[in-house]
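This report examines the strand pairing and the nonpolar cores of the structure shown below. It is written for a reader working at the bench.

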Amino acid sequence: MSTAPEPAPEQNAADVIVVGGGNAAFSAAHAAAERGRRVLLLEKAPREQFGGNSFYTAGATRIAHGGLDDLRDVIEFDERHAVTEVPAYSPQEYAADLAKVTGGRNDPALTEVLVHEAGPGVRWLNSLGLKYRLMYERQAYAREDGTFLFWGGLHVGNVGGGEGLMLDHLEIAQKLHTGVRFGQDVFALLVEDGKVRGVKVRSSDGTVQELRAESVVLGAGGFEANPQWRREHLGEGWEHAKVRGTPFNRGEMLAAALEAGAAKGGDWASCHSVQWDAFTPQNESNRELTNRLTRGGYPLGVIINSNGERFLDEGEDYRNYTYAKYGKVILQQPGSVAWQIFDAGQRPMLRAEEYDMPGVSVETAASVDDLAAKIGVDPERLAKTINEYNTSIDTAVPFDPNVKDGRRSAMVPPKSNWANPIATAPYYAFAVTCGITFTFGGLKADTHGRVLDKQGDHIEGLYVCGEMLGGLFSDNYPGGAGLAAGIVFGRRAGALA
């Protein structure tokens, strides 16, 4: 009696499937491909919108290093190097900065890995083809003698910003023969006997496939583009925040991982949010203007709300350590709008890429009273605020934007550094609102990106990296640490997957 042949086992689509299309996902894909693994990267966005949040960044990457000489092998030559001072930035300083800005809520084990492996991670990507440079226009002011001093522990960035970063990543993936598919809406994990063995994906034509692999690496971002989730987890009013980056990070893969038994990690109640152009049309997910919609010059001036009042310390610290938390404070102001105020002396120091942006939301006037009228603020209140600020400045302390100069305005709230009188016409008011970058809550994992369940055990076959990895940041973060963490933990996940 004849018997039917045994069905052939279903063939895996790849050894490793990476879900996501930003810096962390591509870093994981490169690390796996270098080991000879067959890698398939699934990006939800269509090709013309690929790159995740990484595309929208300036490319700044925070690494520990020993100063300019230690960086020469990884950064592109610039003739200004001869007159440039780049202070060394140690792993210990890096860890201290993380602890300072998060109030000590950063995971110590993840932190230890990040601060020691970010530099080697950048060198690894540079060896593959990513290009880096010193970020003069963002992290150093020219001094009177023509020299430059970098500040704030953040010195290195990608050539071409976020766009250059992601185009370089895509070129490397092609060289490593990584399969990259765009328009792939991954919506569930395939779980068998407690092990993750692939994904369910909906293609742009609506067809649904089950793609199998030995391992799945999740690098698909947080839930910042989901207004319902923002309101639920971040609080009332967050549904009105402007989405800085990709519109595709809506939390579907977080939900899929939680459904598969993953434990939550990190702070689900806070996020990275910045001061963002308030009124320019198309001020969300704008791939042409990208990071130019940020307004990071506030340490040089003052910020007032629609009542004409200051409400935060613009000079509390270097911009790198405050900008990611002040978007939240703007959101809490009347109408969720505020105004950055500068005078003629401060205006030339503002970054052209941001403050000379086409269509920038700005009002200009020859007097403070006229400026108040243009921005809809009571002139007497604004004049009182500016006068109190000006008269309480310790002008005996010299102004120096390259260091925390202690030049203070003693009004309440104080301005702790870089206080200069706003007294020379013309006056400028730039309208800002809250722009959300990414959410800090994610999945719980070990230092190799292996996702943990609620009992603390590894979920076999499942890894996480990038913004989906919870635990590093809470309430705030030091600038450039996001891309660095994407490299480090993407590389670690790809090295095991």
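In this predicted model, strand 14 (residues 242-243) pairs with strand 20 in the parallel sense, over two bridges. Within this pairing, Lys 242 stands opposite Gly 435 of strand 20. Strand 20 itself spans residues 427-439 and is mostly covered, with 13 of its 13 residues buried.

Further strands pair with strand 20 in the antiparallel sense. Strand 16 (residues 271-277) is joined to it by seven bridges, and strand 18 (residues 338-342) by five. Strand 19 (residues 362-365) also runs antiparallel to strand 20, with four bridges between them. The table lists these pairings with one facing pair of residues for each.

| Strand paired with strand 20 | Sense | Bridges | Facing residues |
|---|---|---|---|
| Strand 14 (residues 242-243) | parallel | two bridges | Lys 242 and Gly 435 |
| Strand 16 (residues 271-277) | antiparallel | seven bridges | Gln 275 and Cys 434 |
| Strand 18 (residues 338-342) | antiparallel | five bridges | Gln 340 and Phe 430 |
| Strand 19 (residues 362-365) | antiparallel | four bridges | Val 362 and Phe 430 |

Phe 430 of strand 20 thus appears in two of these rows: it is the bridge partner of Gln 340, and Val 362 stands opposite it as well.

Strand 1 (residues 16-19) presents another case of a covered strand. Val 16 and Val 18 are buried on one side, and Ile 17 and Val 19 are buried on the other. Strand 1 pairs in the parallel sense with strand 13 (residues 215-218) over four bridges, and four bridges likewise join it to strand 2 (residues 39-42), again in parallel. Val 19 takes part in both pairings: its bridge partner is Leu 218 in strand 13 and Leu 42 in strand 2. Between strands 1 and 2 lies helix 1 (residues 23-34), and the three elements make a right-handed β-α-β unit.

Leu 218 also has a place in the nonpolar interior. The largest nonpolar core comprises 130 residues, of which Tyr 94, Leu 114, Leu 218 and Phe 489 touch the most other members. Helix 4 (residues 108-128) supplies the largest share of this core, namely nine residues. A second, separate core has 22 residues, among them Trp 339, Val 377, Met 411 and Ala 431. In soluble globular proteins, nonpolar side chains tend to be buried together.

The surroundings of Phe 489 can be described in detail. Apart from neighbours within four places in sequence, Phe 489 is in contact with Leu 110, Val 113, Leu 114, Thr 447, Val 464, Cys 465, Leu 469 and Leu 472.

Note on methods
Residues are numbered from 1 along each chain as its sequence is written. This is a predicted model: local features need pLDDT of at least 70, side-chain atom pairs count only at pLDDT 80 or more; totals for chains, interfaces and linings use all residues. Side-chain values use heavy atoms; hydrogens and water are left out. A nonpolar core is a set of buried Ala, Val, Leu, Ile, Met, Phe, Trp, Tyr and Cys residues joined through side-chain atoms within 4.5 Å. Buried means under 20% relative accessible area, exposed over 50%, partly exposed in between (1.4 Å probe, protein chains only). Contact means heavy atoms within 4.5 Å. Two strands pair if DSSP finds at least two bridges between them. A crossover is right-handed if, with the strands pointing away from the viewer, the path from the first strand over the helix to the second runs clockwise.
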